[in-house]
Amino acid sequence: QVQLVESGGGVVQAGGSLRLSCAASGPIFSRHVLGWFRQASGKERECVAAISWSGGTTYYADSVKGRFTISRDNAKNTVFLQMNTLTPEDTAVYFCAAAFHFDGGSYYSERGDFDYWGQGTQVTVSS
């Protein structure tokens, strides 16, 4: 059974940093795009970053470009989201997600394209 487990969330002051991790069980990392989504209270779940299974192509939402960095360690079945210069607008539950893709250089960024989801980790940025 495929499982994704996020960690690293917490409370941080504005301007601070957090690093989220997502560990996967099963052969999910082989040929799977990985993504980080977030859902703030009362808002739709949105993709903030995604990475191809080769690791060579990444996507970032405009709201996080230059502040967030997605990376993956296929040997350790782990994907990371380094978040810097956090603002209160980044407060949300963050989810990692995975989806198979034939092309190692491509990614998905729509919620409906992802098949596997973690349970989420809360990130709260105080002003």
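**Notebook: sheets, cores and rings**

I started with the strand pairing and found an open sheet of four strands, in the order 1-3-8-7, with antiparallel pairing. For my notes, strands (E, at least two residues) are DSSP runs numbered from the N terminus, and two strands pair if DSSP finds at least two bridges between them. Strand 1 (3-7) and strand 7 stand at the edges with a single partner strand each, so one side of each has no neighbour in the sheet. I looked up the turn too: neighbouring strands here are turned by 15° against each other on average, direction ignored. The axes behind that angle are lines fitted to C-alpha atoms, and angles run from 0 to 180 degrees between N-to-C directions.

A note on what I'm looking at: this is a predicted model, where local features need pLDDT of at least 70 and side-chain atom pairs count only at pLDDT 80 or more, while totals for chains, interfaces and linings use all residues. Residues are numbered from 1 along each chain as its sequence is written, and side-chain values use heavy atoms, with hydrogens and water left out.

Back to the edge: strand 1 pairs with strand 3 in the antiparallel sense over five bridges. One of the details I checked there is serine 7, whose bridge partner in strand 3 is serine 21.

**Strand 9 and its partners**

Next I went to strand 9, which is mostly covered, with seven of its nine residues buried. Buried means under 20% relative accessible area, exposed over 50%, and partly exposed in between (1.4 Å probe, protein chains only). Which strands pair with strand 9? Strand 4 runs antiparallel to it and is joined by eight bridges, strand 11 pairs with strand 9 in the antiparallel sense over three bridges, and strand 10 (residues 116-117) does so over two.

I picked out some partners: arginine 38 bridges to tyrosine 94 in strand 9, alanine 92 to valine 123 in strand 11, and alanine 97 stands opposite tryptophan 117 in strand 10. Tyrosine 116 is also found in strand 10; I noted it as partly exposed because its relative accessibility is 33%.

Strand 11 gave me a nice pattern. Thr121, Val123 and Val125 point to one face and are buried, while Gln122, Thr124 and Ser126 point to the other and are not. I also found strand 2 (residues 10-13) pairing with strand 11 in the parallel sense over four bridges, with glutamine 13 opposite serine 126.

**Cores**

Then I looked inside. A nonpolar core is a set of buried Ala, Val, Leu, Ile, Met, Phe, Trp, Tyr and Cys residues joined through side-chain atoms within 4.5 Å. The largest one has 28 residues, and Trp36, Ile70, Val79, Leu81, Met83 and Tyr94 have the most contacts inside it. A second, separate core has eight residues, including Cys47, Phe95, Ala99 and Phe114.

I followed tyrosine 94 further: beyond neighbours within four places in sequence, its contacts (heavy atoms within 4.5 Å) include Glu6, Trp36, Phe68 and Val123.

**Rings and charges**

I looked up six aromatic pairs, where rings of Phe, Tyr and Trp (its six-membered ring) pair if their centres lie within 6.5 Å. Phe37, Tyr108, Phe114 and Trp117 form one aromatic cluster.

Two arginines caught my eye. The charged end of arginine 19 sits over the ring of phenylalanine 80, 4.0 Å from its centre, and that of arginine 45 sits over phenylalanine 95 at 3.7 Å. Sitting over a ring takes NZ of Lys or CZ of Arg within 6 Å of the ring centre and within 35 degrees of the ring normal.

Methods: Rings of Phe, Tyr and Trp (its six-membered ring) pair if their centres lie within 6.5 Å; planes under 30 degrees apart count as stacked, over 60 as edge-to-face and the rest as tilted.
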